[in-house]
Amino acid sequence: MSAVSQHFRWRAATSGVIVRARSLSVAATAAALVLVQPGLAVAADDPSTAVSFAVTSGALSLSAPVSTNIGSGAPGTQISGRIGAVSVTDDRALLSASWSVTAAETDFTNGASTIPATSTTYDPGSITTTGTITATGTPVTLSNTAQTVVTGSAGVGDNTATWNPTVTVHVPAGAVGGGYTGTLTQSVA
């Protein structure tokens, strides 16, 4: 056998070994991938644990200042001021949360004279929120009857909304001098 012929045989034999080795290597890798797949290699006697928990929920609440003084002014003018932070806290953890805040005002009195509640406006102004909620304010002329001033919609989970409303009293030209007091009642539902 010539040297060229022997080299060719050795080359062919070596090539065959490499091809077979590569075939085995690909088959072994594929088998390993199948065994690593989640859920396919779990033994029948492996223990499992059911994990559970509870998400707590709370209440819907409103906070507002106890008292405020919005200033002074002459008959026929406007007295206007912010009353302080009003906040809705919705801890009900609902999938679809909504709420509504109403405001009603008593007539203002100084003992001898009265200025009607309808001489007063309420403007929520800008509203700051946390969590997922869309809060919308509506300026209103107050009265003795509750009216919607802020609504929350499209809420998910816990959320808050805070605003600092401006209350403006349009003092009648015939108003009697003195200090006047009325009660602004805000509620959430």
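The legends below describe close-up views of a predicted model.

**Figure 1. Confidence along the predicted chain.** The chain has a mean pLDDT of 86, and 78% of its residues reach 70 or more. Residues 4-15 keep a pLDDT under 50 throughout, and in the model this stretch makes 2 contacts beyond four places in sequence. Over residues 17-30 the pLDDT is likewise below 50, and this stretch has 0 contacts beyond near neighbours in sequence. Where pLDDT is low, the predicted coordinates should not be read in detail.

**Figure 2. The open sheet of 4 strands.** The strands of this open sheet follow the order 2-10-6-8, and their pairing is antiparallel. Strand 2 (78-82) and strand 8 (140-141) form the edges, each of them pairing on one side only. Within the sheet, strand 6 (residues 120-123) and strand 10 (residues 166-170) run antiparallel and are joined by 4 bridges. Tyr 122 can be used to find this pairing in the view, as its bridge partner in strand 10 is Val 167.

**Figure 3. The largest nonpolar core and the surroundings of Val 149.** This core has 16 residues, and those with the most contacts inside it are Val 88, Trp 99, Val 101, Tyr 122, Val 149, Val 150 and Trp 163. Strand 3 (86-105) and strand 9 (147-163) are the elements that give two or more residues to the core, and strand 3 supplies the largest share, with 5 residues. When neighbours within four places in sequence are left aside, Val 149 is in contact with Val 101, Thr 102, Ala 103, Tyr 122, Pro 124, Thr 136, Gly 137, Thr 138 and Val 140. Tyr 122, which is paired with Val 167 of strand 10 in the preceding view, is thus listed both among the core residues with the most contacts and among the contacts of Val 149.

**Figure 4. A second, separate nonpolar core.** Apart from the largest core, the model holds a second one of 6 residues, including Ile 79, Phe 108, Val 171 and Ala 175.

**Figure 5. Two alanines with positive phi.** Most residues other than glycine have a negative phi. Ala 93, which lies in strand 3, has a positive phi near 55° although it is not a glycine. Ala 93 counts as partly exposed because its relative accessibility is 33%, which falls between the limits of 20% and 50%. Ala 154, placed in strand 9, also has a positive phi, of about 55°. Ala 154 counts as exposed because its relative accessibility of 58% is over 50%.

Key:
Residues are numbered from 1 along each chain as its sequence is written. This is a predicted model: local features need pLDDT of at least 70, side-chain atom pairs count only at pLDDT 80 or more; totals for chains, interfaces and linings use all residues. Side-chain values use heavy atoms; hydrogens and water are left out. Two strands pair if DSSP finds at least two bridges between them. pLDDT is the predictor's confidence in each residue, from 0 to 100. Contact means heavy atoms within 4.5 Å. A nonpolar core is a set of buried Ala, Val, Leu, Ile, Met, Phe, Trp, Tyr and Cys residues joined through side-chain atoms within 4.5 Å. Buried means under 20% relative accessible area, exposed over 50%, partly exposed in between (1.4 Å probe, protein chains only).
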